[in-house]
Amino acid sequence: MQHATIEKSIPLMAILTLILVSIGGIVEIVPLFFIKSTIEKVDGMRPYTPLELKGRDIYIREGCYNCHSQMIRPFRDEAARYGHYSLAAESMYDHPFQWGSKRTGPDLARIGGKYSNEWHQAHMLKPQNVVPESVMPAYPWLQKAALKYDDVDVRMQALSKVGVPYSPEQIANAKQDLAAQAKAGGNDPGLAKRYGNKVPQDDFDGKPDQITELDALLAYLQMLGTLVDFSSYQAQTR
Amino acid sequence: MADNKGVETTGHQWDDDEGYPLQEFNNPLPKWWLYTFYATIIWSFIYWVLYPAWPSANGFTKGVLGWSMHTEFKEDMAAVQVQQKAFNDQMERLSLQEIAKDNKLLQYAISGGKAVFGDYCAPCHGTGGIGVKTGGFPTLADDDWLFGGNLETIHETISGGRVGQMPAHLKSAGGNFSDAQVDDLTSYVLSLTGQSKDAAANQRGDALFHGDAGCKGCHGDKGNGSLKGTVDGSPLPPIGAPNLTDAIWLYGGDRQTVRDSIAKGRSGKMPAWSKESKEVGKKLDPLALKQVTIYVHSLGGGQ
C-alpha cells in the first residue's frame, strides 16, 4: 500500500493505528494475566472490611496519593526503612491500586500498626504538632464529619463485580460490621467470623460516641501492609 | 522561484501569489542522529537476549545474564550483612552494658540507632527525642523517666511497649467523683508545682489524693511518681505514673489539661517493637533494638 494512500485517508490510518497498537498491547499485557509469578500465592489476604473500604474512599477523595505511594520497591534502603518489599498480591483487591513513585511524604504500604491511633489523630489534626518540619496539610474536618455509609453495601456489590470476593453474607451485614469495627474495645463475633479475628476493632478517632470519617480513614491506615505474614512467606526467586 | 539551495522538495507548493511559494523541503536527518537511532534499535535486540524481556504463555524470557530484580535485592542485602558482620556479631554477643563500655561499638550502635530512631520513633518523640508539641508523647532527652532510664529498662520499654493507665475520675466519664471534687484534686495537683494558691481547695484535694481517690497508690505519697515515689514506705509498681511535682508534664500543666487528665483518665500507648510481641505492626530485629536502646540512653538522660 502506498504511504500516500494511508496518509490521505484518516479512517484508514485510524484503523491501521488501532491494529498496530493492539498488537503491542496484546503481546505485553495479555501474558501477564497467565504468568503465575505475577500474583504470588500468599496467606492472609482478605478483602477490605466495610469500614476500611470507606476509609480507602476517603483516602482517595482527599488525594493522599498525590504525596504518598503504597509500593515498597525491592531496594535495600527501602526495605530498611519500610519493611519487606510490596507484593503484587497485596494490592489484588485494590481498585484502583495505589502504587506510584510520587513521594512527597513517605510510602504508606506498611503504615499499619506503626503508630498508635492517638498519634494519627494528632497528626491528621495538624501534622506540624507532631512533626514540626512536615509539609503535609492538616485534615481537621475528618474528625468532625460523621461518616456517611448508607451506600457501603452497594460499593461492595460493585467491587464484587470486578472480582473482589465479597460474599452475599458480607454484603448483607456490611452496615452492622462497619459500626461494630468502630466500637472501642469491640469484640464482635460476626465481624471476626466474616473477616477473620485479626481485624482490629477500636475507637480509632478518639470519639467513642460517633463514627466519623477519621474512624474509617484510620481503620484503613492501621491495616495497610499487615495482612501477609512475612515470617512464613517464601519469596519465589524468578 | 525561491532558492532551494539544491535541497530536494516533496513537490507540494502553497501560496505562491507573491512569487515566494511555501515549499516542503526534504532535508535528511543529521547523520549522527540517524546512526544513534539505528544503534538503539540494535541495542534493543541485545537487551532482549541479555535481560528478561518477552512474556510468553507460561513465563517470560529470562535473558542469558539471569538478572532479576529480586536476586539483585537479595545480594544487596547479603552484602551489607557481610560488611557489618564483624560489628554485628559482637553486638549480638555482648550485653548492653558491655557495648556501652566499648567506644568503637558504642559509636557504631549510636549511629545505627540514630537512623532507626529517625524512621520509627521521631514522629512520636521528636527528632533527637526532644519531644513533640502534642501532649502524651514523652521527651526522651531529659532525665525525667516514666518507667526508667537505665539500659535494661529502656530496652524492656522498647521491646514490649507500654500502656500508661490513668483511670477516669469524673462520674460522667465513668469515675466516682463529682465535678467539685475533680476541681479540688486539680487544685491539689497544681499546688505541688506552686500553681494553686487556693488553700481550702488544695486541702480538700490533698485529702482526696491521699484518701478516697487513691491517687497515692500510683503517684506515691508525695506525688513524685511511680519511679521515685513510695506509698506508706514501700516502693510502687513500675506503672509509669508521672512525677507530678517536677513541672515536667506528659500531657500538659495548665489547669484545663490537668483537669482533663484527672477527669477523663489517660492511656498513652508506646508500641511494642520486638518481633516476639503479638501486636500488629512494624517490628525491629534484636540488633536494631539494641542499637536504638543505646541511642536513647545516649540522648542525655541515660542512667
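## Exercise 1: A strand residue and its partners

**Task.** Leaving aside neighbours within four places in sequence, find the residues that Glu24(B) is in contact with, then work out whether Glu24(B) is buried, partly exposed or exposed.

**Solution.**

1. Once neighbours within four places in sequence are set aside, the contacts of Glu24(B) are Thr9(B), Thr10(B), His12(B) and Trp14(B). Keep in mind that you're looking at a predicted model.
2. Now place the residue: Glu24(B) sits in strand 2 of chain B, which covers residues 22–25.
3. Pick one partner, Thr10(B). Glu24(B) and Thr10(B) are 14 residues apart along the chain, yet their C-alpha atoms are separated by 5.7 Å.
4. For accessibility, the partly exposed class runs between the 20% and 50% cut-offs. Glu24(B) has 36% relative accessibility, so Glu24(B) is partly exposed.

## Exercise 2: Getting to know chain A

**Task.** Describe the make-up of chain A: how many helices and strands are there, and which domains are assigned?

**Solution.**

1. Count the elements: chain A has 11 helices and zero strands.
2. Look at the extent. The C-alpha trace spans about 75 × 45 × 40 Å along its principal axes.
3. Split it up. The assignment gives domain 1 as 2–34 and domain 2 as 50–223, and the C-alpha centres of these two domains of chain A are 41 Å apart.
4. Check burial and contacts. Of the 238 residues in chain A, 45% are buried. If you take contacts in chain A between residues at least 6 apart in sequence, 71% of them join residues at least 24 apart.

## Exercise 3: Helix 2 of chain A

**Task.** Compare the reach of helix 2 of chain A with the expected value, then find where the kink is centred and which residue caps the N-terminal end.

**Solution.**

1. Helix 2 of chain A runs over residues 10–34, which is 25 residues.
2. From first C-alpha to last, helix 2 reaches 36 Å, close to the 36 Å expected at 1.5 Å a residue.
3. Now for the bend: helix 2 of chain A has a kink of about 35°, centred on Ile26(A).
4. Finish at the N-terminal end. The cap is Ser9(A), with a side-chain oxygen 3.3 Å from the backbone nitrogen of Leu12(A).

## Exercise 4: Inside the largest core

**Task.** Which residues touch the most other members of the largest nonpolar core, and which helix supplies the largest share?

**Solution.**

1. Start with a rule of thumb: in soluble globular proteins, nonpolar side chains tend to be buried together.
2. The largest nonpolar core holds 54 residues, and Leu51(A), Met156(A), Tyr166(A) and Leu221(A) touch the most other members.
3. Several helices of chain A each supply at least two residues of this core, among them helix 3 (50–61), helix 5 (117–125) and helix 7 (152–161). Helix 11 of chain A gives the largest share, eight residues.
4. Zoom in on Tyr166(A). Beyond four places in sequence, the contacts of Tyr166(A) include Pro47(A), Leu53(A), Met156(A) and Ile171(A).
5. Follow that trail to Ile171(A), which lies in helix 8 (residues 168–172) of chain A. The relative accessible area of Ile171(A) is 13%, so Ile171(A) is buried.

## Exercise 5: A glutamine in a loop

**Task.** Is Gln70(A) buried or exposed, and which side chain does the side chain of Gln70(A) make a polar contact with?

**Solution.**

1. Gln70(A) is in the loop between helix 3 and helix 4 (76–82) of chain A.
2. Apply the cut-off: buried means under 20% relative accessible area. Gln70(A) comes in at 8%, so Gln70(A) is buried.
3. The polar contact is with the side chain of Tyr220(A), at 3.1 Å.
4. Further contacts of Gln70(A), leaving aside neighbours within four places, include Tyr59(A), Trp99(A), Asp107(A) and Leu224(A).

## Exercise 6: Backbone oddities

**Task.** Where is there a cis peptide bond, and what is the phi of Asp232(B)?

**Solution.**

1. Recall the background: most residues other than glycine have a negative phi, and most peptide bonds are trans.
2. The cis bond joins His95(A) and Pro96(A), with omega about -5°. Pro96(A) lies in the loop between helix 4 and helix 5 of chain A.
3. Asp232(B) has a positive phi, near 50°. Asp232(B) is in the loop between strand 6 (230–231) and strand 7 (234–235) of chain B.
4. Exposed means over 50% relative accessible area. Asp232(B) has 60%, so Asp232(B) is exposed.
5. Ala247(B) also has a positive phi, near 60°, and is found in the loop between strand 7 and helix 11 (255–264) of chain B.

Conventions
Residues are numbered from 1 along each chain as its sequence is written. Chains are lettered from A and ligands numbered from 1 in the order in which they are written. This is a predicted model: local features need pLDDT of at least 70, side-chain atom pairs count only at pLDDT 80 or more; totals for chains, interfaces and linings use all residues. Side-chain values use heavy atoms; hydrogens and water are left out. A nonpolar core is a set of buried Ala, Val, Leu, Ile, Met, Phe, Trp, Tyr and Cys residues joined through side-chain atoms within 4.5 Å. Buried means under 20% relative accessible area, exposed over 50%, partly exposed in between (1.4 Å probe, protein chains only). Helices (H or I, at least four residues) and strands (E, at least two) are DSSP runs, numbered from the N terminus. Contact means heavy atoms within 4.5 Å. The expected span of a helix is 1.5 Å times one less than its number of residues. The bend at a residue is the angle between axes fitted to the seven residues ending there and the seven starting there. A polar contact is a pair of N or O atoms within 3.5 Å; within protein, one must be able to donate a hydrogen and the other to accept it, and residues adjacent in sequence count only if both atoms are side-chain atoms. Domain bounds come from an automatic or database domain assignment.
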